[in-house]
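Colleague: I should like to go through this model with you, beginning with a single residue and then turning to a pair of helices.

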Amino acid sequence: MKAKGISSIMINRIRKYRKQKGMTQADLAQQVGIARQTVNLIENGKYNPSLDLCIRICQCLNTDLNTLFWEVEG
């Protein structure tokens with residue numbers, strides 16, 4: 001169950017940062033070298049990306065792994 005909570009955080013932040021940059025799923029997919037359907041699966045918590053893919057997504061969205069994938073305690 002805990003992994004699902006982590007996925008939920010990931011979904012919200014990828015979609016949020018992608019939309020803030022005015023990008024579609026297809027735009028993000030093209031820039032990181034994956035299919036648009038893969039972006040959709042990641043955003044909906046149905047696919048866990050590799051570390052390499054996570055880093056490419058972060059670079060494309062001008063953010064870092066902690067901001068995009070982990071909840072900040074506060």
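Colleague: Is T63 buried or exposed?
Modeller: In this predicted model, T63 has a relative accessible area of 18%. The cut-off for burial is under 20%. T63 therefore counts as buried.

Colleague: With which residues is T63 in contact, leaving aside its neighbours within four places in sequence?
Modeller: T63 lies in the loop between α4 (51–60) and α5 (65–69). Apart from neighbours within four places in sequence, the contacts of T63 are Y17, C58 and L68.

Colleague: Is helix α2 roughly parallel or roughly perpendicular to helix α3?
Modeller: The axes of α2 (residues 25–32) and α3 (residues 36–43) come within 8 Å and cross at roughly 110°. Angles of 65 to 115 degrees count as roughly perpendicular. The orientation of α2 to α3 is therefore roughly perpendicular.

Colleague: How many nonpolar residues does the contact of α2 with α3 have?
Modeller: From α2, the residues Q25, A26, L28 and A29 meet R36, V39, N40 and E43 of α3. By class, this contact has two charged residues, two polar ones and, as to nonpolar residues, four.

Colleague: Does A26 count as buried, partly exposed or exposed, and what is the C-alpha to C-alpha distance between A26 and V39?
Modeller: A26 belongs to helix α2. Its relative accessibility is 39%, so A26 counts as partly exposed. A26 and V39 are 13 residues apart in sequence, and their C-alpha to C-alpha distance is 8.0 Å.

Note on methods. Residues are numbered from 1 along each chain as its sequence is written. This is a predicted model: local features need pLDDT of at least 70, side-chain atom pairs count only at pLDDT 80 or more; totals for chains, interfaces and linings use all residues. Side-chain values use heavy atoms; hydrogens and water are left out. Helices (H or I, at least four residues) and strands (E, at least two) are DSSP runs, numbered from the N terminus. Buried means under 20% relative accessible area, exposed over 50%, partly exposed in between (1.4 Å probe, protein chains only). Contact means heavy atoms within 4.5 Å. Axes are lines fitted to C-alpha atoms, for helices over the stretch in contact, and angles run from 0 to 180 degrees between N-to-C directions. Angles under 35 degrees count as roughly parallel, over 145 as roughly antiparallel, 65 to 115 as roughly perpendicular and the rest as oblique. Ala, Val, Leu, Ile, Met, Phe, Trp, Tyr, Cys and Pro count as nonpolar, Asp, Glu, Lys and Arg as charged, and the others, Gly among them, as polar.
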